[in-house]
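Reader: I have a model open here and would like to talk through a few of its features with you. Could we go chain by chain, starting with whatever I point at?

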Amino acid sequence: MLPVESLTPLAGELPLLVTFGGGVNWTVGFLTTAAIFAIVALALNVQWGYTGTINFGVVAFFGIGAYVSALLTLDPPGQFESYIGGLELPIPVGWIGGMIAGGVLALAVGLPTLRLRDDFLAIATIGIATILRSIANTQEGLVNRARGLNGIPRPLEGASREIGVDYDWLLLVITGLALLAVFLVVRGATASPWGRVLRAIRENEATTQSVGKMTTSYRIQSFVLGGVLMGLAGAIWAHRIGTIAPDSFDNLTTFLVWTMVMVGGGGNNRGVMLGALVVGFVWFGLPLIQEELPDFLGTRVFMLRRIAIGLLIIGFLLARPQGLIAEEPRVSRFAPRGEGGGGSG
Amino acid sequence: MTEILQLVLVGVVVGSIIGLGAMGLTLVYGVFKFAHFAHADLMTLGMYLAFFVYVDIGLDAGHIGPFSFGWGMLVAVPFAWAGVAAACVGVDRLVYRRLRRRGGGFLNLEIASLGFAIALQAVIQAIWGSPPLRYHNEIHEALTFAGGLKLKPDQMLFIALMPLLAVALYLLLHRTRLGTAMRATADNAPLAEASGIDTERVRTATWVIAAALTAVAGVMFGVQSQLRFDAGFEFLLLPMFAAVILGGIGNPWGALVGGLIVGVSQEVSTEWINTGFKPAVPFALLIAMLIVRPRGLFGSSIGGSG
Amino acid sequence: MSALLEVDAVRAGYGSVMIVHDVSLRLERGELVTIIGPNGAGKSTLLKAIFGLLPVSEGAVRLEGGEVTDETPSHMVRLGVSFVPQTENVFPSLTIRENLAMGGYQRSGDVAERIAEVLRLFPELAERQKARASHLSGGQRQALAIARALMLDPKVLLLDEPTAALSPVRRGEIFDRLQAVREGGVALLMVEQNAREALAISDRAYLLVDGRNAHEQPGPEMLANPEVGRMFLGLDSAEGENGA
C-alpha cells in the first residue's frame with residue numbers, strides 16, 4: 001500500500017468517509033498523516049530552509065527509518081517470510097533505531113558530497129532513494145523484498161482497547177506529541193547560535209557556489225539532524241500503517257514534502273507545518289471528490305494532483321518565494337537583488 | 001568470455017543512449033550553471049512525441065532496410081525534437097529566465113526544474129497512460145557475428161549514430177560563431193554580454209541543440225526497450241548525471257565517454273550481481289568520482305580538454 | 001561641441017547600498033583620463049554604472065551629447081563603449097583568436113582583418129593565437145582582455161585596474177600599450193591603484209573620495225599636488241605590496 005499514491009490514500013478511512021460519519025474518521029486519519037508529513041517537512045526545512053542543501057531523496061531517509069524500526073520491533077520471520085531482525089523490541093526502541101538509521105544514512109551521503117558543490121548532494125540523494133528501493137526489492141533475506149513487512153506492531157494498541165479509547169484518536173495524539181517535540185527541537189536548534197551559523201552559510205553560499213571547509217561540518221550536522229528527523233517520521237509511519245513495502249517509498253513522497261516546504265516557505269518552521277496541512281489536504285482530499293469530477297478529469301485525478309504539486313513548486317518559487325506566511329524578517333536570498341555582488345573600487 | 005563481450009556490446013548500445021542524453025544535459029549544465037533535473041523527463045517527452053507521430057497518427061508502415069522502424073520515423077524524430085525544444089524554450093521563458101534575472105542563485109533553478117519534471121511526467125502519463133508502449137510489436141531479429149556475438153540492426157545504428165552526432169556537435173561548437181558564443185557564455189556569461197553577445201539568444205540556441213540530443217536519445221531508448229512514462233526518473237536521470245560528472249560538468253565529450261563507461265559497467269555488472277542492483281552501478285561510479293576526482297575525468301568546460 | 005563621454009552628478013551602488021554619491025566627469029576625444037582614490041571610493045562602481053552593469057539611481061551619462069544612462073552593456077558596446085573588467089576578463093577555455101572573435105561578435109564580415117589589426121598592437125598574442133586563454137600569464141591575459149575590448153573599434157575604452165596584480169615590468173608594458181591605443185584615437189577612462197605610473201601618462205585625472213569628486217587636474221600636476229600626495233599617493237607603499 002502506497003503512502004502517497006495508492007488508490008485509497010488512507011485505506012480504511014476512505015470507504016468510511018462515503019458512508020455515515022466517515023468525515024470525522026477521515027479527518028482523524030488525515031490529521032495523523034499530515035502530522036507525520038509535518039515532521040518530514042520540518043526536517044527538510046532544517047536542510048533546505050535553514051542551510052540551503054538540496055535533498056531530493058527525502059523518501060530514502062523516511063524509508064530507512066520505517067524499515068529499521070519495523071525490523072527491530074517485528075516478530076521473527078514466519079514460514080514464508082525472510083528478513084533480518086524481528087527482535088520484538090519495544091516500539092520506542094524501534095523509533096530510536098529509525099532515527100539513528102536516518103542519521104547514519106545522512107552522514108554516509110553527506111560526507112562525500114557536502115564538501116563539494118550543492119548540486120552533487122541533490123544528485124546523490126536522488127540516487128540513494130533509487131538504490132535503496134532496488135536493494136529492498138532485490139536482496140533476498142533482507143527485508144522480505146517486494147512482499148514487504150507485515151504486522152508491524154502499533155503503539156499502545158492493547159492499552160487503548162483496555163481503557164476503551166478509539167485507537168485512531170489515540171494514534172493522532174501520539175503523532176501530535178511527536179510533532180510537537182520535533183517542532184520544539186527544530187525551533188530551539190534553528191534559533192540557537194548554531195542555527196544562525198546555518199543561515200549565514202545559506203545566505204553566502206547560495207550565490208557564490210563556493211564551499212568553505214569551515215562550513216562543511218555545519219552543513220553535515222544540519223543534514224544529519226534532518227536525516228534523523230526523517231527517520232523518526234518514517235518509523236512513526238511504519239507503526240501507524242502496519243505494513244510497508246519497497247514500492248510504497250517512491251519519489252512522490254519526496255516531491256510532496258518539497259511542495260509542502262515551498263508552499264510553507266523555506267526557513268519558516270510554522271510555515272512548513274502549515275504547508276504540510278494545506279498541501280496534504282489537497283493531495284489526500286482530491287481523490288475524495290473524484291466521483292464529482294467530469295469523467296476526463298476524474299479518471300486522471302492522480303495525475304492531476306501531481307501536475308498540481310509540480311506547478312505549486314514553480315508557482316511559489318516565482319510568485320511567493322517566502323511561502324504562505326511571512327517569516328521573521330531578515331535578509332533573504334529569496335529576496336530579489338541585482339546581479340552584482342561584492343566589492344567596489 | 002563471449003558472454004562478457006556480449007554484455008560489453010549491449011553496454012555500448014545503452015551507453016550510446018545515456019551518452020547522447022548526457023551530452024545535452026551537460027551542455028545545459030555548462031551554459032546555465034544548474035543541474036537540470038527535468039532533463040530525463042524531457043527525454044521521455046521526446047520518445048512519446050515520436051510515438052504520437054509514428055503510431056497515433058499512423059506513419060508506422062514498412063521498414064527501413066533491416067531496421068525495426070519505417071520511414072515515418074524520419075518525420076517522428078524531427079517532430080519530437082521540435083516539441084522538446086519548444087518545451088525547453090517555453091519553460092525557460094516562463095520560469096528559468098525569471099529566476100535567473102532575480103539572481104536568487106542556482107538552487108532555486110534546480111528546485112524549479114524538479115517541479116517541471118514532476119508536472120511533465122504526470123502530463124505524459126495523463127495523455128499516454130501508464131502501461132508501457134512500443135513503436136513496434138513484432139520481434140526484431142538480432143544478427144549473429146563472429147564468436148557468436150549478437151547485435152540487432154537497430155543497435156548497430158545507435159552505435160554508429162553516437163560518433164556521428166558527437167562530431168556534428170563538435171563542429172557546431174568549434175567551427176561556428178554561434179558555437180563559440182555558446183562556449184564563451186558558458187565560460188563567463190557577464191563578459192559575453194559585455195562583449196556584445198546576445199546571451200539570451202545563445203541560451204535559446206543551447207536549449208534547441210540540447211533538445212535535439214535529448215529527443216534522439218529518447219527515441220533510441222524507446223526503440224531499444226519500451227516507452228514508459230516514468231522512464232526518466234527510474235532509468236535515465238541517475239545514469240545521465242553519473243555520465244555528466246564522470247566526464248566533467250559542461251564537457252560534452254566527457255559526457256559521451258562517461259555515458260559509455262556507465263552503460264558498459266551497468267551491463268557487465270549483471271554477470272556478477274543481480275540485475276535488480278543495476279541502478280546501484282552508476283551511483284557507485286558517481287560517488288567514487290566525487291571522492292576521487294570531482295572535476296571529472298576530463299575537466300569541466302564545454303571546450304573539453306586538449 | 002559636447003564631450004565624448006560625460007558623467008553628470010551620478011549616484012549608483014549595489015541594491016540599496018549607494019557607493020557613488022555624486023560624481024561628475026568628462027572624457028574628451030583622444031584623451032586618457034585616470035580615476036584614482038582610496039579603496040571604497042567608488043571607482044569601480046562608477047565604471048560599472050557608466051557601462052550599464054549597475055543601475056544609476058540619479059544623474060546622467062551622456063555619450064556625444066546623447067543620453068545613455070542605464071543602457072544595457074550590449075547596447076553600450078554597439079554605441080562604441082567597451083569595458084575591460086578587473087578580473088575574469090577573458091574566456092578561459094577559448095583560444096586567443098576565439099576570444100578576439102567573441103570581442104568582435106557584433107562585427108559583420110571583417111573579423112579576421114580586425115583581429116590582425118588588433119594583434120599588431122599585441123605581438124606576444126599574435127604568436128600564440130591557438131593557445132587557450134587559461135594557459136596565458138597574467139600580463140598576457142591582461143593584454144588579451146584589452147585586445148578583446150578593442151575588437152569593435154570603440155570610441156571609449158573603460159578599464160578597471162588594468163595593471164592590478166602585475167609585476168612592475170608587466171605594468172609598464174600595459175601602460176605603454178594603453179598609450180599606443182590612445183594614439184590610435186581611442187579615448188580611455190581608467191581606474192587605477194598604481195597611481196604614480198598611471199598619472200604620469202594621463203592627460204587628466206580625477207580623485208574620488210567617499211563616492212564624490214575631490215579633485216580634478218592634469219595627470220602630472222595631480223602627481224605633483226602635495227595634498228593629493230599626502231592623502232592618497234602616500235598609500236604607494238601598501239600598493240607596492242599589492243602589486244608585487
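Reader: Which residue is the bridge partner of G13(C) in β2(C)?

Author: In β2(C), G13(C) has M18(C) as its bridge partner, and the wider pairing is antiparallel, with strand β1 (residues 5–14) and strand β2 (residues 17–27) of chain C joined over seven bridges. Strands here are DSSP runs of E of at least two residues, helices are runs of H or I of at least four, both numbered from the N terminus, and two strands pair if DSSP finds at least two bridges between them. Before we go on, this is a predicted model, in which local features need pLDDT of at least 70 and side-chain atom pairs count only at pLDDT 80 or more, while totals for chains, interfaces and linings use all residues. Residues are numbered from 1 along each chain as its sequence is written, with chains lettered from A and ligands numbered from 1 in the order in which they are written.

Reader: And what about the turn between β1(C) and β2(C)?

Author: The two strands form a hairpin with two residues between them, and G15(C) in the turn has a positive phi of about 55°.

Reader: Staying in chain C, at what angle do α3 and α6 pack?

Author: Helix α3 (residues 96–103) and helix α6 (residues 138–150) of chain C pack at about 35°, their axes being 7 Å apart; axes are lines fitted to C-alpha atoms, for helices over the stretch in contact, and angles run from 0 to 180 degrees between N-to-C directions. On the α3(C) side the contact is made by I96(C), N99(C), L100(C) and G103(C), and on the α6(C) side by L144(C), A147(C), R148(C) and A149(C), where contact asks for C-beta atoms, placed from the backbone, within 7 Å. These residues divide into five nonpolar, two polar and one charged, with Ala, Val, Leu, Ile, Met, Phe, Trp, Tyr, Cys and Pro counted as nonpolar, Asp, Glu, Lys and Arg as charged, and the others, Gly among them, as polar.

Reader: How many residues of chain C are in contact with chain B?

Author: There are 20 residues of chain C in contact with 17 of chain B, and the elements of chain C that give two or more residues to that side are α2 (73–79) and α3.

Reader: Switching to chain A, how many of its residues are in contact with chain B, and which helix gives the largest share?

Author: Between these chains, 43 residues of chain A are in contact with 39 of chain B, and α5(A) gives the largest share of the chain A side, 14 residues. By class, that side has 24 nonpolar, twelve polar and seven charged residues.

Reader: What is the secondary structure of chain A?

Author: Chain A has 13 helices and zero strands, and 51% of its 345 residues count as buried, meaning that 20 or more other C-beta atoms, placed from the backbone, lie within 10 Å of a residue's own, with 12 or fewer for exposed and partly exposed in between.

Reader: Over in chain B, why does S68(B) count as buried?

Author: S68(B) counts as buried because it has 20 C-beta neighbours inside 10 Å. This serine lies in the loop between α2 (39–56) and α3 (73–102) of chain B. Leaving out residues up to four places away in sequence, S68(B) touches H63(B), H136(B), H140(B), D154(B) and V223(B).

Reader: Which residues of α5(B) are buried?

Author: They are Q155(B), L157(B), F158(B), M162(B), A166(B), L169(B) and L173(B), and what covers them includes α1 (2–32), β2 (150–151), α6 (177–187), α8 (199–224) and α10 (252–269) of chain B.

Conventions: Two residues are in contact if their C-beta atoms, placed from the backbone, lie within 7 Å.
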